[in-house]
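Please open the model in a viewer and keep the sequence panel visible. The stops below are given in order of selection.

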Amino acid sequence: METIRELSAIRADIDKIDDQIVQLFVQRMQLAQEVARTKKTTGNAVSHPGREQEILQRVGGAAGALAPYTERLFQTIFTLSKAYQTQLMTESGESK
């Protein structure tokens, strides 16, 4: 017989995961900052659709039945990362 957990226990687990997601998001955006610096130095464009496709295939494959939702999540992350990189590159007057 399957035991049903209390909603408060499930929500506590979700809160823990949310905290981890925030920490990982901050780390990812810090790396995006490094990417922006490198792109500014090398003259590369902010957008790199080929790289995004590679990531979508990798994470989608790892997510199984949740692939469509995972891909949407990562598309949002890409949008935020590109916006942040553009802001960083524009602050010193350069953007592509």
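The tour proceeds from the whole chain to one helix and then to one residue.

This is a predicted model, in which local features need pLDDT of at least 70, side-chain atom pairs count only at pLDDT 80 or more, and totals for chains, interfaces and linings use all residues. Residues are numbered from 1 along each chain as its sequence is written, and side-chain values use heavy atoms, with hydrogens and water left out.

Select the protein chain first. It has three helices and zero strands; helices (H or I, at least four residues) and strands (E, at least two) are DSSP runs, numbered from the N terminus. The C-alpha trace spans about 60 × 25 × 15 Å along its principal axes. Buried residues (under 20% relative accessible area, 1.4 Å probe, protein chains only) make up 20% of the 96 residues.

Next, select helix H1, residues 7-42. Its end C-alpha atoms are 51 Å apart, in agreement with the 52 Å expected for 36 residues at 1.5 Å a residue, where the expected span is 1.5 Å times one less than the number of residues. Within H1, display Met29, Ala32, Ala36 and Lys39, which are buried. The buried residues of H1 pack against H3. Just after H1, glycine 43 takes a positive phi of about 80 degrees.

Finally, move to helix H3 (residues 67-91) and select glutamine 85. Is glutamine 85 buried or exposed? Glutamine 85 is buried, with a relative accessible area of 5%. Not counting residues up to four places away in sequence, glutamine 85 touches Ala32, Val35, Ala36, Lys39 and Val46, a contact being heavy atoms within 4.5 Å.

Technical notes:
Buried < 20%, exposed > 50% of the residue type's maximum accessible area, 1.4 Å probe, protein only.
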